[in-house]
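User: Please take a close look at one charged residue in this protein and at the surroundings it sits in. I would like one connected explanation.

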Amino acid sequence: LGESPVWDAKMRRLHFVDINGKRLHSFDPKTSKCSTVEMGEEVGCVVPYKKQRVLVAGVSQVWQVDFAGEKKGQTGDGKLL
């Protein structure tokens, strides 16, 4: 189920979450590829952030997800991706 869709004009991708599936998805219409990141908890929304990153709000924390390497890290934990 795709929820909270947002178009990222810089990355030219459609990001959306699967709340109950605990996943973040990012669809590239040029290649028809959909990247998926397992978040480990229910997620409510995604917003474009900077470079190839998005912010994802979960039940207990907010993550930065880097689609260049599909890494994730908590915000505020002193780590940059």
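Analyst: A salt bridge is counted when a side-chain nitrogen of Lys or Arg lies within 4 Å of a carboxyl oxygen of Asp or Glu. With that cut-off in hand, consider Arg 13 in this predicted model. Arg 13 belongs to strand 2, which covers residues 13-18. Arg 13 is buried but has no salt bridge. Its nearest side chain of opposite charge is that of Asp 28, 4.5 Å away. Asp 28 is also among the contacts of Arg 13 beyond four places in sequence, along with Ser 26, Phe 27 and Pro 29. The other contacts of this kind are Val 6, Trp 7, Asp 8, Ser 35 and Phe 67.

Phe 67 leads to the next part of the picture, since it is one of the twelve residues of the largest nonpolar core. That core also includes Met 11, Val 17, Leu 24 and Val 54. Strand 5 (43-48), strand 6 (53-58) and strand 7 (62-66) each give two or more residues to this core. In soluble globular proteins, nonpolar side chains tend to be buried together.

Val 54 touches Phe 67 too, and its contacts beyond four places in sequence include Asp 8, Leu 24, Val 46, Trp 63 and Val 65.

As for the whole protein, it has eight strands and zero helices. Of its 81 residues, 33% count as buried. The accessible surface comes to about 4,900 Å², and 52% of it belongs to carbon and sulfur atoms.

Conventions:
Residues numbered from 1 in each chain as written. Predicted model: local features only at pLDDT ≥ 70, side-chain atom pairs only at ≥ 80, totals over all residues. Heavy atoms only, no water. Helix = DSSP H or I, 4+ residues; strand = E, 2+ residues; numbered from the N terminus. Buried < 20%, exposed > 50% of the residue type's maximum accessible area, 1.4 Å probe, protein only. Areas by Shrake-Rupley, 256 points an atom, 1.4 Å probe, with all protein chains shown as cover. Core = buried A, V, L, I, M, F, W, Y, C linked by side-chain atoms within 4.5 Å. Contact = heavy atoms within 4.5 Å. Lys, Arg positive; Asp, Glu negative; His and termini not counted.
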